[in-house]
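Student: I've got a protein model open and I don't know how to read it. Could you take me through it one feature at a time?

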Amino acid sequence: MIRFENVSFSYGIKPILTNVSFKVDPGETVVVFGISGSGKSTILKLVAGLIRPQAGRIFINGQDMSQVSEDDWQHLRPQIGFVFQGGALFDSMTVGENVGYYLLEHTDKSMDEIETTVRQTLRFLNLSEDLIDVLPDSLSGGMQRRVAIGRAVAAVDPLIMLYDEPTTGLDPISTRAITEMIFKLRDVKKVASIIVTHEIADAFGVTNHFVVLHDGQVIFNGGSTEMLKCPDVHVREFLAPFLDSVRALPASLNGAT
Ligand SMILES: Nc1ncnc2c1ncn2[C@@H]1O[C@H](COP(=O)(O)OP(=O)(O)OP(=O)(O)O)[C@@H](O)[C@H]1O
Ligand SMILES: [Mg+2]
């Protein structure tokens with residue numbers, strides 16, 4: 001569904017990604033880890049076509065994006081839902097307007113049709129339809145993130161969902177609610193997903209395909225067992241806080257005997 005082949009990207013002369021290759025199968029979820037500035041958000045922006053690589057190729061649903069015409073892209077773009085880092089909503093618009101934003105701006109659907117889709121989306125994501133007339137400011141941070149997922153989903157039936165740190169800084173209950181949304185989109189809509197996160201412990205429950213970035217390069221691509229054994233110093237550094245917390249558990253819980 002998504003394939004990067006030796007993708008390199010730079011802002012001006014500053015290289016941000018170098019020779020990045022990985023793939024996400026249809027319906028698969030890949031979690032991308034990496035320290036701040038390693039290039040995680042850049043990968044998502046490339047998938048969404050917000051920026052173009054200087055070298056290498058990106059395939060979406062079998063199509064080489066460098067060969068895709070503007071028309072084809074207009075067709076594909078709405079099938080990619082992007083939940084931006086921080087989950088920013090438009091403050092001056094209600095939840096309903098936020099969730100229906102894409103339909104309002106980019107389709108000629110009537111207001112009634114848009115409202116129907118917005119309500120369906122809120123229901124699908126277990127969000128109250130009463131939120132429709134509420135302004136984002138009056139919602140908790142966790143609820144704003146959930147609405148941001150609704151906005152990314154409402155556009156069309158997405159093939160691909162991109163989540164940039166969807167649960168960072170949230171309490172466990174909001175985190176659980178968002179994880180359930182991500183699972184539902186995966187299981188019901190069968191979307192392929194890329195999730196950028198720092199929440200390593202949570203990520204282990206979401207998938208068993210991890211990509212670790214360091215300085216714009218893929219330093220690991222594989223499952224959790226291999227990752228926990230990976231000798232790369234940067235992978236180990238990244239996992240250290242998590243490994244320490246596992247070690248701190250009583251032996252009966254951490255699997256050590
Ligand atoms: N518009 C831009 N112009 C120039 N450099 C940029 C731009 N956007 C990002 N960068 C740089 O690209 C690098 C990678 O940024 P990116 O946002 O992909 O990192 P990230 O891994 O998502 O980090 P974080 O965890 O902090 O969100 C960083 O060094 C950043 O400063
Ligand atoms: Mg980022």
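We'll go through the ligand, a helix, the metal ion, the salt bridges and a few backbone angles.

Tutor: One thing to keep in mind from the start is that this is a predicted model.

Student: Okay. Which residues come nearest to ligand 1?

Tutor: To read a binding site, start by listing the residues around the ligand. There are 14 residues around ligand 1, and Ser-36, Gly-37, Lys-40, Thr-42 and Gln-85 come nearest. Next, sort the shell by chemistry: it has 8 polar residues, 3 nonpolar ones and 3 charged ones.

Student: Which parts of the fold supply at least two residues each to that shell?

Tutor: Those are β2 (14-24) and α1 (40-47). With 3 residues, α1 gives the most.

Student: What polar contacts should I look for at the ligand's oxygen atoms?

Tutor: Look for N or O atoms of the protein beside an oxygen of the ligand. In the side chain of Lys-40, an N or O atom is 2.7 Å from an oxygen atom of ligand 1. Ser-41 also uses its side chain, with a polar atom 2.8 Å from a ligand oxygen. With Ser-38 look at the backbone instead: one of its N or O atoms lies 3.3 Å from an oxygen atom of ligand 1. As for how covered the ligand is, it exposes 630 Å² when taken alone, and the protein buries 65% of that.

Student: Back to α1 for a second. Is that helix mostly covered or mostly open?

Tutor: For that, you go residue by residue and ask which ones are buried. Helix α1 is mostly covered, with 7 of its 8 residues buried. Lys-40, Ser-41 and Thr-42 are among them, and so are Ile-43, Leu-44, Leu-46 and Val-47. Just after the helix, Gly-49 takes a positive phi of about 75°.

Student: What are the protein donors of the magnesium ion?

Tutor: With a metal, you look for the atoms that sit around it. For the magnesium ion, which is ligand 2, the protein donors are Ser-41 through OG and Gln-85 through OE1, at 2.0 to 2.3 Å. This pair links distant parts of the chain, 44 residues apart: Ser-41 is in helix α1, and Gln-85 is in the loop between β6 (80-83) and α3 (95-99).

Student: Why does Ser-41 count as buried and Gln-85 as partly exposed?

Tutor: It comes down to cut-offs: buried means under 20% relative accessible area, exposed means over 50%, and partly exposed is in between. Ser-41 has 18% relative accessibility, so it counts as buried. Gln-85 has 43%, so it counts as partly exposed.

Student: Now the charged side chains. How many salt bridges are there?

Tutor: The count comes to 8 salt bridges. To read one, find the two partners, then check how covered each of them is. Take Asp-64 and Arg-57, whose closest N and O atoms are 3.1 Å apart. Asp-64 is buried at 9% relative accessibility, while Arg-57 is partly exposed at 38%. Arg-57 and Asp-64 also belong to a network of salt bridges with Arg-3 and Glu-5.

Student: What about a salt bridge inside a helix?

Tutor: There's a general idea that helps here. An α-helix has 3.6 residues a turn, so residues three or four places apart point the same way. In this model, Arg-119 and Glu-115 are both in helix α5 (residues 111-124), 4 residues apart, about one turn. Their side chains meet in a salt bridge with an N to O distance of 2.9 Å. Arg-119 is partly exposed at 26%, and Glu-115 is partly exposed at 37%.

Student: Last one: where do I find a positive phi in a residue that isn't glycine?

Tutor: Go through the phi angles and note the positive values, then find each residue's place in the fold. Asn-61 is not a glycine, yet its phi is positive, about 50°. You'll find Asn-61 in the loop between β4 (55-60) and β5 (63-64). Glu-165 also has a positive phi, near 50°, and its place is the loop between β7 (160-164) and α7 (172-188).

Student: Is Glu-165 buried or exposed?

Tutor: Glu-165 is buried, with a relative accessible area of 11%. Asn-61, at 42%, counts as partly exposed.

Notes
Residues numbered from 1 in each chain as written. Chains lettered and ligands numbered in written order. Predicted model: local features only at pLDDT ≥ 70, side-chain atom pairs only at ≥ 80, totals over all residues. Heavy atoms only, no water. Near = heavy atom within 4 Å. Polar contact = N/O pair within 3.5 Å; in protein donor to acceptor, adjacent residues only side chain to side chain. Areas by Shrake-Rupley, 256 points an atom, 1.4 Å probe, with all protein chains shown as cover. Nonpolar A, V, L, I, M, F, W, Y, C, P; charged D, E, K, R; others polar. Buried < 20%, exposed > 50% of the residue type's maximum accessible area, 1.4 Å probe, protein only. Salt bridge = Lys/Arg side-chain N within 4 Å of Asp/Glu carboxyl O. Donors = N, O, S within 2.8 Å, 3.2 Å for Na, K, Ca; no water.
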